[in-house]
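Biologist: Please take one part of this model and describe it closely, starting from the loop where a backbone angle stands out and working back through what surrounds it. I would like one connected account rather than a list.

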Amino acid sequence: MKRAIYPGSFDPVTNGHADIIFRSAKIVDELYVGVLNNSAKKSLFSVEERVNMLKELTSDLANVTVTSFAGLLVDYMCEIDANIIIRGLRAVTDFEYELQIAQTNQIENKEIETIFLTTNLKYSYLSSTIVKEFASYGGDISHFVPKQFIDRIYDKYNIKNKR
């Protein structure tokens, strides 16, 4: 059985994240979407909120489980008995960073494989940072995030949706 994890902060969930999740779910038998609980980073959404948004997004995907984790990804993978990491790549700069991480993870655990999925071209510019920047100024984020999350993002900035 192929069990994989797609880890990330997902703060907030973007259309790019959704695309990688839906595509990954077709490739593996079981996909864990792992929300990293990084207490050193100030997040817009709590871990619980991000997990709930991802559960809502993936509710129709029977082979997807959304969880959160803290600490090293390789340790968490042992807990869930996964040996594949899914990572999305937007640009060459992503590849350089992700390659280093993949090689380090494999040194820690030789059973771990990393699969890189290139981002759909229509999301190649997109990041959670861009979403937060636009939303914080009341910009239109309807092209960046799943529609059910738009109001929740604006609410974090006390901005009423312009729709």
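Modeller: Helices and strands here are DSSP runs, a helix having at least four residues and a strand at least two, and both are numbered from the N terminus. The model is a predicted one.

In those terms, aspartate 81 sits in the loop that joins H3 to E4. It is not a glycine, yet its phi is positive, at about 60°. Most residues other than glycine have a negative phi, and most peptide bonds are trans. Aspartate 81 is exposed, its relative accessible area being 59%. The positive phi comes just after H3, and that helix is the part to look at next.

H3 covers residues 73–80, and its buried residues are Leu73, Val74, Tyr76, Met77 and Ile80. These five lie on the same side of H3, because the arc they cover around the axis is only 160°. An α-helix has 3.6 residues a turn, so residues three or four places apart point the same way. Cys78 and Glu79, on the other side of H3, are exposed.

What does the buried side of H3 pack against? Its partners are four strands, namely E1 (3–8), E2 (30–36), E3 (64–69) and E4 (84–89), together with helix H4 (92–108). H3 lies across those four strands, E1, E2, E3 and E4, and its direction makes an angle of about 145° with that of E1. H4 in turn lies across E4 and E5, where it runs at about 165° to E5.

The strands under these helices belong to an open sheet of five, with parallel pairing and the order E3-E2-E1-E4-E5. Its edges are formed by E3 and by E5 (113–118), each of which pairs on one side only. From one strand to the next, the twist averages 30°.

E1 has E2 and E4 as its neighbours in the strand order. With E2 it pairs in the parallel sense over six bridges, and one pair of bridge partners is glycine 8 with valine 35 of E2. Its parallel pairing with E4 rests on two bridges, and there alanine 4 has isoleucine 84 as its bridge partner. Further along the sheet, E4 and E5 run parallel and are joined by six bridges, with glycine 88 opposite leucine 117 of E5.

How much of E1 is buried? Six of its six residues are, so the strand is largely enclosed by the rest of the structure. Arg3, Ile5 and Pro7 point one way from E1, while Ala4, Tyr6 and Gly8 point the other way, and all are buried.

Two residues of E1 bring in the pocket. The largest pocket holds about 1,200 Å³ of space. It is lined by 41 residues, and the closest to its centre are Pro7, Gly8, Ser9, Arg87 and Glu98. E1, H1, H3, E4, H4 and helix H5 (128–136) are the elements that give two or more residues to this lining. H3 is thus among the contributors, but the largest share, nine residues, comes from H4.

Between E1 and helix H1 (15–27) there is a loop that holds proline 12. The peptide bond leading into this proline, from aspartate 11, is cis, with omega near 0°. Asparagine 15 then belongs to H1. Is this asparagine buried or exposed? It counts as buried, since its relative accessibility is 15% and the limit for that class is under 20%. Leaving aside neighbours within four places in sequence, asparagine 15 is in contact with Tyr123, Leu126, His143, Phe144, Val145 and Pro146.

One residue away from this part can be set beside aspartate 81. Asparagine 158 has a positive phi of about 55°, and it is not a glycine either. It is found in the segment after helix H6 (150–156). Asparagine 158 is exposed, with a relative accessible area of 74%.

Note on methods:
Residues numbered from 1 in each chain as written. Predicted model: local features only at pLDDT ≥ 70, side-chain atom pairs only at ≥ 80, totals over all residues. Heavy atoms only, no water. Buried < 20%, exposed > 50% of the residue type's maximum accessible area, 1.4 Å probe, protein only. Arc of directions from axis to C-beta. Contact = heavy atoms within 4.5 Å. Pairing = 2+ DSSP bridges. Axes fitted to C-alpha atoms, helices over the stretch in contact; angles between N-to-C directions. 1 Å grid on protein atoms, 1.4 Å probe; cavity = no way out; pocket = protein on both sides within 12 Å on 5 of 7 lines; lining within 4 Å. Points joined across faces, edges and corners; volume = space filled by probe spheres on them.
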